[in-house]
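I opened my notebook to keep track of what I looked up in this structure. My entries follow the order of my questions.

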Amino acid sequence: MKKGFTVLEMILVLTVITIIVLLTIPNIAQKKKVINNIGCQALIEVVNAQILVYELDGKTAENVQQLVEAGLITEAQTVCPNGKKVVIIDGQATVQ
C-alpha cells in the first residue's frame, strides 16, 4: 500500500487555502490604508513641532522647504506615507 495524498484531498486542501487567502487580502489592504493615514497624522505633528523650533530662532516658516534647508526635517518628510505632500498654511502643517 502506497502512502500519500489522493488528488481529491489535495484539491480540498488547496480550495480551503485559496478561500482563506481571498478573505484576508482585502482586510490587509484596508489596514494598510489606515496605517498610512495614521502615519501621515504623526508626520504632520512632527512637522508642526519643527515649525515651532524654527520660530524659536526668530524666523517664520512659509514653506516646508525652509525646514528642510534648516536641517529640521528631511526631504522624505515632505511627503506623507499615503502620497500627499506636506504644506504649511497659516503657520500649521497640513497635507495637500
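**Hairpin first**

I began with the strands, and I kept in mind that this is a predicted model. I looked up the bridge partner of V86 and found V95, in β2. Then I checked the pairing of β1 and β2. The two strands run antiparallel and share four bridges. They form a hairpin, with two residues between them.

**The turn**

I stopped at D90, which sits in the loop between β1 and β2. Its phi is positive, about 55 degrees, although D90 is not a glycine. Is D90 buried or exposed? I read a relative accessibility of 79%, so D90 counts as exposed, the cut-off being over 50%.

**The helix**

Next I turned to helix α1, residues 7–56. Does its span agree with its 50 residues? I used 1.5 Å a residue, which gives an expected 74 Å. The C-alpha atoms at its ends are 72 Å apart, so the two values agree. After α1 comes G58, and I noted a positive phi there too, near 85 degrees.

**Buried positions in α1**

I listed the buried residues of α1. Among them are N36, C40, L43, I44, V47, N48, I51 and Y54. I recalled a general point: an α-helix has 3.6 residues a turn, so residues three or four places apart point the same way. Then I asked what covers the buried residues of α1. The cover includes α2 (64–69), β1 (86–89) and β2 (92–95).

**N48**

I picked N48 for a closer look; this residue lies in helix α1. Its relative accessible area is 14%, under the 20% cut-off, so N48 is buried. What does N48 touch beyond its sequence neighbours, those up to four places away? I found Q92 and A93.

**The core**

Last, I looked at the largest nonpolar core, which has 15 residues. The residues with the most contacts inside this core are V47, I51, L67, I73, V86, I88 and A93. Which elements each supply at least two residues of this core? I wrote down α1, α2 and β1. The most comes from α1, with six residues.

I followed V47 further. Leaving out residues up to four places away in sequence, V47 touches L67, I73, Q77, V86 and A93. That list brought me back to V86, the residue whose bridge partner is V95. A93 also returned, since I had already noted its contact with N48.

Key
Residues are numbered from 1 along each chain as its sequence is written. This is a predicted model: local features need pLDDT of at least 70, side-chain atom pairs count only at pLDDT 80 or more; totals for chains, interfaces and linings use all residues. Side-chain values use heavy atoms; hydrogens and water are left out. The expected span of a helix is 1.5 Å times one less than its number of residues. Buried means under 20% relative accessible area, exposed over 50%, partly exposed in between (1.4 Å probe, protein chains only). Contact means heavy atoms within 4.5 Å. Two strands pair if DSSP finds at least two bridges between them. A nonpolar core is a set of buried Ala, Val, Leu, Ile, Met, Phe, Trp, Tyr and Cys residues joined through side-chain atoms within 4.5 Å.
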